[in-house]
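Hi everyone, thanks for coming. Please have a look at the sequence and the model while I talk, and stop me whenever a term is unclear.

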Amino acid sequence: MLLAQITDLHMRRDDTPLSGQLVTRPYTEAAVAAVNAQKPDAVIVTGDLTDIGTAEEYALLRSALDGLEAPCFVLPGNHDRREELRAAFHDHAYLPETGPLQWVVEAFPLRLIGLDSVVPGKGHGEIGAESLAWLDARLTEDPRPTLVAVHHPPFPTGILGMDKIMCLNGAEMAAVIAKHSHVERVIAGHHHRPVQIRWARTIGQICPSVAHQVVLDFSDRARPQWVTEPPAFLLHRFAPETGVISHTAYIGDYGGAREFKLDPDYPGQS
C-alpha cells in the first residue's frame, strides 16, 4: 500500500496572498499533480486545509482536491473551522455528522485513524478525554498495523516557536499510543517541516507543507517565521514484511532524471 500525506495547504479566498506575499492555490494544484504521478492508494490531508476557514476557501479547496485520483481523507487544523469543513466535505462518508472530526478507515492493508486536535479560537491543539478514550477503544478492537494521523504534533521538535502551539496534552496521547504496539506511525502537520522522533514506542513524523515552510530555528523566538523552501509531501509505503517506510517527495521541476556517470577512478568499481 502507498499512502500520500499532504498538509498545510492554507488555501486562501479569491487567491489573496498569504501574509501579503504568497498565493497558495497554485501550490496545492502542483501538489495534486505530483501526488497523482506517484499513484498512491490513498491520500491523507493533515489539516490547515484553508487559511481562515471560509466557505469560499473550502470551495476552492474542493475544486483542487477533487483532482486527486486516489481516495482522500481530511483532518482539520487550527486554520480550519469544523462545521464549514464538514459542510464542504459532506459527501465524505467517513466523517462523523457531529462532534470532533475523527474517523477510522478500514479499507486498506494499513488501518488509518484520524484525530481532531483543534481547540476553537486557539492556535495550539489538544485531544479531549473522550477522543483519547475513543482512540484507545479503536486501537484495542483491531490489532492490524495502524497509522494515526493528527494535525498538531503531540511531541516536541525543538523548534520552540512552533512547539508552543503543538498538541499540549501529548503526554496523555503518548500513554494511549504506547499501549498498542501495532501503531506503525503517528503522522502530523502544523510545523511545516520534515521531522521524525522516536515517541510512545513508535515513530512520530511531521510532513512538510505543500506551500511554504517554517524557518528551521531552535531559538526561543516569540513568533516563527516562514520561508519558501521547496514544497514537499510524504509517501508512506506499507508492506507486511517491512511495516511503514516513509519518503519525502519534493514538488517542482528540478530538471528531470539524469543518469549517473561514474568517474573512472571511482573506488567502488573494480
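I will go through the sheet, then the cores, then the salt bridges.

First, some ground rules. This is a predicted model, so local features need pLDDT of at least 70 and side-chain atom pairs count only at pLDDT 80 or more, while totals for chains, interfaces and linings use all residues. Residues are numbered from 1 along each chain as its sequence is written, and side-chain values use heavy atoms, with hydrogens and water left out.

Let's start with the sheet. When I say helix or strand, I mean DSSP runs numbered from the N terminus: H or I of at least four residues for helices, E of at least two for strands. Two strands pair if DSSP finds at least two bridges between them. In what order do the strands of the open sheet run? There are 6 strands, in the order β4-β5-β6-β7-β9-β8, with mixed pairing. The edge strands, β4 and β8 (195-199), each pair on one side only. From one strand to the next, the twist averages 20 degrees.

Now find β4. It runs antiparallel to strand β5 (residues 111-114), and 3 bridges join the two. One residue to look for is Trp103, whose bridge partner in β5 is Gly114.

Helices pack on this sheet as well. For contact, the rule is heavy atoms within 4.5 Å. For directions, axes are lines fitted to C-alpha atoms, for helices over the stretch in contact, and angles run from 0 to 180 degrees between N-to-C directions. Helix α4 (residues 129-141) touches β4, β5, β6 (146-149) and β7, and its direction makes about 175 degrees with that of β5. Helix α6 touches β6, β7, β8 and β9 (202-206), and makes about 60 degrees with the direction of β8.

Let's zoom in on strand β7, residues 183-188, where we find Val183. Is Val183 buried or exposed? Val183 counts as buried because its relative accessibility is 5%; the cut-offs are under 20% for buried, over 50% for exposed and partly exposed in between, using a 1.4 Å probe and protein chains only. Leaving out residues up to four places away in sequence, Val183 touches Leu139, Thr146, Val148, Ile177 and Thr202.

Just before that strand, in the loop between α6 (170-177) and β7, sits His180. His180 is buried too, with a relative accessible area of 9%. Beyond its neighbours within four places in sequence, His180 is in contact with Asp136, Leu139 and Thr140.

On to the cores. A nonpolar core here is a set of buried Ala, Val, Leu, Ile, Met, Phe, Trp, Tyr and Cys residues joined through side-chain atoms within 4.5 Å. In soluble globular proteins, nonpolar side chains tend to be buried together. The largest nonpolar core has 48 residues, of which Leu65, Val74, Phe89 and Leu112 touch the most other members. Helix α2 (residues 55-65) gives the most to this core, with 5 residues. A second, separate core of 23 residues includes Phe155, Ala178, Val183 and Ile206.

Stay with α2 for a moment. Its buried residues are Glu57, Tyr58, Leu60, Leu61, Arg62, Ala64 and Leu65. What covers them? The cover includes β1 (2-6), α1 (25-38), β2 (42-46), β3 (72-75) and α3 (82-88).

Finally, the salt bridges, where a side-chain nitrogen of Lys or Arg lies within 4 Å of a carboxyl oxygen of Asp or Glu. The structure holds 16 salt bridges. In one of them, Asp91 meets Arg62, with the closest N and O atoms 2.9 Å apart. This pair links distant parts of the chain: Asp91 is in the loop between α3 and β4 (103-105), Arg62 is in helix α2, and they are 29 residues apart. Asp91 is partly exposed at 45%, whereas Arg62 counts as buried at 15%.

Another salt bridge joins the side chains of Arg86 and Glu83, at 2.9 Å from N to O. Because they are 3 residues apart in helix α3, about one helical turn separates them. Arg86 is buried at 10%, while Glu83 is partly exposed at 47%.

Last of all, a network of salt bridges links Glu106, Arg111, Arg138, Glu141, Asp142 and Arg144. Thanks for listening!
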